[in-house]
Amino acid sequence: MSRIDVTIAAAALAATAFVASAQAQQPAQPPYATTKVEGTDNVYIFRYGGHQSMFVVTPAGVIATDPIGERRPAAKAYIEEIQKITKAPIKYVIYSHSHFDHIAGGKPFKDLGATFVAHKNAKARIAALKPADVVVPDEVVDAKKTITLGGTALELNYVGKNHSDSMLVMRLPKEKIIFTVDWIPIQGIQFRGMADTYVPDIEEGLKKVIAMDWDKLIPGHPGPGGRQTGTKDDARNQLAYLQDLSAAVKKAVDDGKSYADAQKDIKLPKYENWPNYGPFLPMNIERYYDYWNRGI
Ligand SMILES: [Zn+2]
């Protein structure tokens, strides 16, 4: 082993130990599970690891969403879970947005004849990057499209750029449920440095979502304690967090502070109980610092 190899081996060992200790602190949970959304008789959440997606069962077939199968056999499990509930065909797979950790692995659905739908910008990104394990969408959404199947309507709304330029807000008007991924976490700080996130468009998008008629939010990842659904208050809290963060960072930039001083000085105690406040707040600060300091 070269010195570099030894360093890499040590780092890999440390990473393994870290993952093992993180897992040891979690209550044991099966790798995947399906739950029916309370108050409905046709809406389900399929969770695999820390990712989840919504599916809707109708007499004429199933509308599924994100395959969440990046480097793991989630789609096979997802299909088996659906088929335990209904033998009706899986008619659609709808992508929440273009990020591969949510949309990879859909081929088993394609093999069953499902039609894949995504925002037009997601299809353009997939066409440009050609990831081997992402099924190319058959149909695209621009501003809005409604899918009707077996008496159920599912609206696919585009509310502008937020966490990517291809995010759909899927809304079941009758059930008053929305499914939208990664940008409205339940009691969560935005992920790391808010990669691919548009500031301040994300705040405008949140206002549009809050103005829609719905009661229950299904996010792409469970929140604290494994909570799989949220409410409009979670969306309002996320908007308040971003507005508070933005105002605090603007002040730091106006005061001539450096990145490091802004990250050291800004505290948002209202949100300190949210998971990842510690590690991610400095990275969220950096994202807003770039917006206020350099207009990007
Ligand atoms: Zn994402």
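Q: Is Asn276 buried, exposed or partly exposed?

A: Start with the relative accessible area. Under 20% is buried, over 50% is exposed, and partly exposed lies in between. Asn276 has a relative accessible area of 40%, so Asn276 is partly exposed. Keep in mind that this is a predicted model.

Q: Where is Asn276 found, and what is the sign of its phi?

A: Locate the residue first, then read the backbone angle. Asn276 sits in the loop between helix H8 (259–265) and H9. Its phi is positive, about 70°, although Asn276 is not a glycine.

Q: Which other residue has a positive phi although it is not a glycine?

A: Look at Asp196. Its phi is about 65°. Asp196 belongs to the loop between E11 and H6. With a relative accessible area of 27%, Asp196 is partly exposed, because that value falls between the two cut-offs.

Q: What is the peptide bond from Val199 to Pro200, cis or trans?

A: Read omega. Here omega is near 5°, and the bond is cis. Pro200 lies in the loop between strand E11 (177–179) and H6. Asp196 is placed in the loop between E11 and H6 as well.

Q: How many helices and strands does the chain have?

A: Count the secondary-structure runs. There are 9 helices and 13 strands.

Q: Why does the radius of gyration agree with a compact globule?

A: Compare the chain's value with the one expected for its length. For 296 residues, a compact globule would have a radius of gyration near 19 Å. The chain has 20 Å, so the two agree. For the extents, use the box along the principal axes. The C-alpha atoms fill roughly 60 × 55 × 40 Å.

Q: What share of the contacts joins residues at least 24 apart?

A: Take contacts between residues at least 6 apart in sequence. Of these, 61% join residues at least 24 apart.

Q: How do I read burial and surface for the chain, and what are the values?

A: Use a residue fraction for burial and an area for surface. Buried residues make up 47% of the 296 residues. The accessible surface is about 14000 Å². Carbon and sulfur atoms account for 55% of that surface.

Q: How many positive and negative side chains are there, and how far apart are the centres of the two sets?

A: Count each sign, then compare the centres. The chain has 36 positive and 33 negative side chains. The two centres lie 2 Å apart.

Q: Which residues touch the most other members of the largest nonpolar core?

A: Treat the core as a network and look for its best-connected members. This core has 35 residues, and Trp183, Tyr241 and Leu245 touch the most other members. Helix H6 (201–211), helix H7 (232–254) and helix H9 (277–294) each supply at least two residues. H7 gives the most, with 8 residues. Another core, of 27 residues, lies apart from this one. Its members include Phe55, Val57, Ala64 and Ile103.

Q: What is Trp183 in contact with, beyond four places in sequence?

A: Set sequence neighbours aside and list what remains. Among the partners of Trp183 are Val159, His163, Met167, Ile202, Leu206 and Gln238.

Q: Is Tyr241 buried or exposed?

A: Go back to the relative accessible area. For Tyr241 the value is 0%, so Tyr241 is buried. Tyr241 is in helix H7. Beyond four places in sequence, Tyr241 touches Ile189, Gln190, Leu268, Tyr271, Trp274, Leu281 and Asn284.

Q: Is Asp234, in helix H7, buried or exposed?

A: Apply the cut-off, whatever the residue type. Asp234 has a relative accessible area of 6%, so Asp234 is buried. Leaving out residues up to four places away, Asp234 touches Ile184, Ile186, Gln187 and Arg227.

Q: How far apart are Ala122 and Tyr95, along the chain and in space?

A: Set the two separations side by side. Ala122 and Tyr95 are 27 residues apart along the chain, and their C-alpha atoms are separated by 8.3 Å. Ala122 is in helix H5 (residues 120–129). At 1% relative accessibility, Ala122 is buried. Ala122 touches Ser98 and Ser166, not counting residues up to four places away.

Q: Is Lys84 buried or exposed?

A: Check the area once more. Lys84 has 65%, so Lys84 is exposed. Lys84 is in helix H2 (residues 74–85). Lys84 and Arg192 are 108 residues apart in sequence and 37 Å apart in space, C-alpha to C-alpha.

Conventions:
Residues numbered from 1 in each chain as written. Predicted model: local features only at pLDDT ≥ 70, side-chain atom pairs only at ≥ 80, totals over all residues. Heavy atoms only, no water. Core = buried A, V, L, I, M, F, W, Y, C linked by side-chain atoms within 4.5 Å. Buried < 20%, exposed > 50% of the residue type's maximum accessible area, 1.4 Å probe, protein only. Helix = DSSP H or I, 4+ residues; strand = E, 2+ residues; numbered from the N terminus. Contact = heavy atoms within 4.5 Å. Rg over C-alpha atoms; globule rule 2.2 N^0.38 Å. Areas by Shrake-Rupley, 256 points an atom, 1.4 Å probe, with all protein chains shown as cover. Lys, Arg positive; Asp, Glu negative; His and termini not counted. Charge placed at Lys NZ, Arg CZ, Asp CG, Glu CD.
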